[in-house]
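Work through the following exercises with the sequence and the model open. Each task is followed by its solution in steps.

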Amino acid sequence: MRNKIIHLLNKPITIKWMMNLYRPLRAAGIRVNYIANDYRQIDVSLKLKLSNKNIHGVHFGGSLFAMTDPFFVMMISYHLGTDYIVWDKAADIQFIKPGRGTVRASFKLSSEQIEDLFRHTSEGQRYMPQYTVHIVDEHNDVVAHVRKTIYVRKKCIKAL
């Protein structure tokens, strides 16, 4: 029974449902729309509402930034497994134009990027790759670029 529950909890549809109930994302109005079965793509959106609108009537920059927070770490953790430490190390955002209406971001990891993670950390060394995600509006115009630096390291296994 326990294995069935763990298997169910690792399904993308379950993770999507849980992420959409996760208070920090839900309170910010962030919605997870899609998680690929292989966890190589996650799509999120953010509707413009009174709660995330700034004084100029466009998306509050902090909400745009928040919509990019946990997803690369989540995807990388899934692919590397429990023998690895995966954290957000740094992030920066470059605002391109005001965000109006619903904005979207699509997080993607290629096979090459995943292999690169294993290659750079196989002997316990730390690795801090950078990934960029673009936040786009309803017309596919770029609203912001977010660059995430992720800390990745294989856990040290001490001899008994």
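Two residues are in contact when heavy atoms lie within 4.5 Å of each other. The model is predicted, so local features need pLDDT of at least 70 and side-chain atom pairs count only at pLDDT 80 or more, while totals for chains, interfaces and linings use all residues. Residues are numbered from 1 along each chain as its sequence is written, and side-chain values use heavy atoms, with hydrogens and water left out.

**Exercise 1.** Find which residues Phe 118 touches, not counting residues up to four places away in sequence.

Step 1. Locate Phe 118 in helix H6, residues 111–121. Helices (H or I, at least four residues) and strands (E, at least two) are DSSP runs, numbered from the N terminus.

Step 2. With the sequence neighbours up to four places away set aside, the contacts of Phe 118 are His 79, Leu 80 and Tyr 84.

Step 3. Classify Phe 118 by relative accessible area: buried is under 20%, exposed over 50%, and partly exposed in between (1.4 Å probe, protein chains only). Phe 118 is partly exposed because its relative accessibility is 33%.

**Exercise 2.** Decide why helix H5 counts as largely enclosed by the rest of the structure.

Step 1. List the buried residues of H5: Phe 71, Phe 72, Val 73, Met 74, Met 75, Ile 76, His 79 and Leu 80.

Step 2. Helix H5 spans residues 71–80, and eight of its ten residues are buried, so the rest of the structure largely encloses it.

Step 3. Look just past the end of H5, where Gly 81 has a positive phi of about 90°.

**Exercise 3.** Compare the settings of Tyr 39 and Asn 140: is each one buried or exposed?

Step 1. Phi of Tyr 39 is near 55°, and phi of Asn 140 is near 65°. Each is a positive value in a residue other than glycine.

Step 2. Tyr 39 sits in the loop between strand S1 (30–35) and strand S2 (41–46). Asn 140 sits in the loop between strand S5 (130–136) and strand S6 (142–154).

Step 3. Tyr 39 is buried, because its relative accessible area is 3%. Asn 140 counts as exposed, because its relative accessibility is 52%.

**Exercise 4.** Place Met 18 in its helix and state its accessibility class.

Step 1. Met 18 belongs to helix H2, residues 12–21.

Step 2. Its relative accessibility is 37%, so Met 18 counts as partly exposed.
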